Amino acid sequence: MLNEEGENQWSSRKVYIMVLICQFIGTSNVNSIPSNALLQGTFGYTIFLTVFYVFMGIPILYMESVVGQFTTRDCVDAWKIRPCFSYIGYIVVLWQVAILIFNHIVTSFLIHYFLISFESPVPFYTCGSWSSKFCNSLVTNYTVNQDCIKYQNLFPYCDNLYKTFPEYEYWRHNLVRPDNAGYKIAWKVCLASGLICFFVYIGCFKRSKSLKWFVGGFAVYPMLALMILLIGSMRQKGLVVKFEEALDLDFANFKKRFRLSNLIHQIVFNLNIGTGVVLTLSSSTSFRNPCFSDMVIAVFFTTVFSIMFVFTIAMMTCPYAFEYGVQTLAIIKTPMTLNFEKFPRLLYLYEDKTFYLIVMFSCNATLGICTSVMLFFNIIEVIFKRSPKLSKYPGLTTFCSVVFMFIITIPFLSYNGVNVVALSFRRYISIFSTFLAILECLVFLIWYGINKFAEDVHFMLGIKPKNCIKVSWILSIMFLIYAFVTEVYYQVVTASNFIYATYVLLFIVSFLIFVFIIRILYAACKNKAVKYLSLDPSWGPTDDLLQRSRAMFSAQAMTKEYIYRQYSLQAGIMARQKNANKRVCYR
């Protein structure tokens, strides 16, 4: 993926950093992270979010970028570091396809909501033929309004009042209506799906050249849209009264509900750690590219965006909580989806709500499109590297792949697709990314050797990693293992409707471990177990000159280490002799 001179195919460092930002900032920044933050204590959650973005996210991404940049291997070839792990790369690609399908489903509905926000009246603010007879009872029924608002939900039926909201009924009774078969699909959502495929084609049809054009605008717009939402939310009523409660400044909610394992899992999934995308992207950069500073800049923008969006959502709950006299936590705890039911509900009380609806859903849809483009680009590059004939026709190959993606994702836009596949995937099976991240760290750091890995970095960048980086790698592995074990246990204990999804996750992990053991036993029977577990001799730079330089660098490092130890030994002997002579003279 590098040119003949080994130069960076992204043409500039700025373009590469924008590509990383598009990869790291996705739909989870505007859905899972804000929802969990407000549910578990906003201010305390953002503090821990920042700490783990910096001290866990950056070191692991740095490790991934070093592996890809040092070896120029993509997410498939990088796992051939040892023959026993050669099959993991293909599992990683299949995992990327699963994430791509999930993201495509969510983004299709986000684009649909963005498009219908231009209609007047907005469909999800009215009661149509799809709604029940109790639709919008809070506004149309005076008795319900008095019982549930004035008397603060003293009546039992008020607990299910949210089911009469137009936003709730539009989403559940119109778009993802559970008909007899469960496969009814709204044609407008299919149109939105086709629009995503169009943007994916535009971003990938000329490989990295078209991707550079794409990220130029799509990486900047979400930041601008978020600034507009943030400033607009500051102008709404009830902010002064409810904002302190929304932020949980006294840490009361944080102490009761915070789960560190959930936060770590969110960071891993949000930064696409373990998915192999960073491996593929970094394999196309130049050998001396300053990968550490690139990751720091990209993660910095991701952290700032996440925190700003969390505070924006916290401010969005204030007008609604002020109008109806409820707690902001009660709004977040309501069993409604954040993007498709709560966002429209909260924005309804805004001045110029149509404008903010358009800004909100355009921001979310743009992030979803960015994630789809980056995942598709990574998958198509893996295909091109293994099929030189297809790489000669990137436009045609990309078009056929996009059409295939459009066709296979249509069934997932139904009730069964959204509820069974998308929701269970995000809540339960997505923790598989954490397992892959653990496997990455154990293989590329622990088994390979942290000191040897640091020596590779020293050779590649000319700067030896400090001990704090090595410590952060070890601590990151410990936190990842803790998060994976804790989240799996939590899912098994608490899961009810989607318990099968947790079993699917455990089956996948067990299957990978089982395959690894079987391959080791088979190699042992052939007397090739040592070779099967040993490091690939071709591991390292692909260039012959760099390979010889790396070998000489290791020899020089060993010689310097030997000389330094000999010098330290002699210095210690001389110091002891000197002290002994002093004692003799004193006597």
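Visitor: Of the contacts in the chain with a separation of 6 or more, what share comes from residues 24 or more positions apart?
Guide: This is a predicted model, where local features need pLDDT of at least 70, side-chain atom pairs count only at pLDDT 80 or more, and totals for chains, interfaces and linings use all residues. Residues are numbered from 1 along each chain as its sequence is written, while side-chain values use heavy atoms and leave out hydrogens and water. A contact means heavy atoms within 4.5 Å. Among contacts with a separation of 6 or more, the share from residues 24 or more positions apart is 85%.

Visitor: How many helices and strands does the chain have?
Guide: Both are DSSP runs numbered from the N terminus: helices are H or I with at least four residues, strands are E with at least two. On that basis, the chain has 27 helices and 0 strands.

Visitor: What percentage of the residues count as buried?
Guide: Buried means under 20% relative accessible area, exposed means over 50%, and partly exposed is in between (1.4 Å probe, protein chains only). The chain has 587 residues, and the buried part is 54%.

Visitor: How many aromatic pairs are there?
Guide: Rings of Phe, Tyr and Trp (its six-membered ring) pair if their centres lie within 6.5 Å; planes under 30 degrees apart are stacked, over 60 edge-to-face, and the rest tilted. The number of aromatic pairs under this rule is 45.

Visitor: Why does the pair of Y62 and W473 count as stacked?
Guide: Their ring centres are 6.1 Å apart. The pair is stacked because its planes meet at 20°.

Visitor: How many residues apart are Y62 and W473?
Guide: Y62 belongs to helix α3 (residues 42-71) and W473 to helix α24 (residues 467-494), so we are linking distant parts of the chain. Y62 is buried at 5% relative accessibility, and W473 is buried at 0%. Along the chain, the gap between Y62 and W473 is 411 residues.

Visitor: Which helix holds both F214 and F218?
Guide: These two rings form a stacked pair, 4.2 Å centre to centre with 15° between the planes. F214 is buried, with a relative accessible area of 5%. The two residues are 4 apart, about one turn of the helix, and the helix they lie in is α9 (residues 208-218).

Visitor: Which residue lies over the face of Y490?
Guide: A charge sits over a ring if NZ of Lys or CZ of Arg is within 6 Å of the ring centre and within 35 degrees of the ring normal. One case is R345, over the face of F165 at 3.6 Å from the ring centre. Over the face of Y490, at 3.8 Å from the ring centre, lies R259.

Visitor: Which residue is joined to C127 by a disulfide?
Guide: A disulfide is a pair of cysteine sulfur atoms within 2.5 Å, and the whole structure holds 1. This link is left-handed, with -80° about the S-S bond. C127 is partly exposed at 38% relative accessibility, and its partner, at an S to S distance of 2.0 Å, is C135.

Visitor: Is C468 buried or exposed?
Guide: For a contrast, C291 is buried, with a relative accessible area of 1%. The relative accessible area of C468 is 52%, so C468 is exposed.

Visitor: How many salt bridges does the whole structure contain?
Guide: A salt bridge is a side-chain nitrogen of Lys or Arg within 4 Å of a carboxyl oxygen of Asp or Glu. Searching the whole structure gives a number of salt bridges equal to 13.

Visitor: How many residues apart in sequence are the parts that D536 and R73 tie together?
Guide: The side chains of D536 and R73 meet in a salt bridge, 3.5 Å from N to O. D536 sits in the loop between α26 (529-533) and α27 (544-586) and R73 in the loop between α3 and α4 (88-116), so the parts they tie together are separated in sequence by 463 residues.

Visitor: In which helix is K385, the partner of D77?
Guide: K385 and D77 meet in a salt bridge, 3.5 Å from N to O. D77 lies in the loop between α3 and α4, 308 residues away from K385, which is in helix α18 (residues 353-386).

Visitor: Which residues are linked with D74 in a network of salt bridges?
Guide: D77, a member of this network, is buried, with a relative accessible area of 16%. Linked with D74 are D77, K80, K385 and R386.
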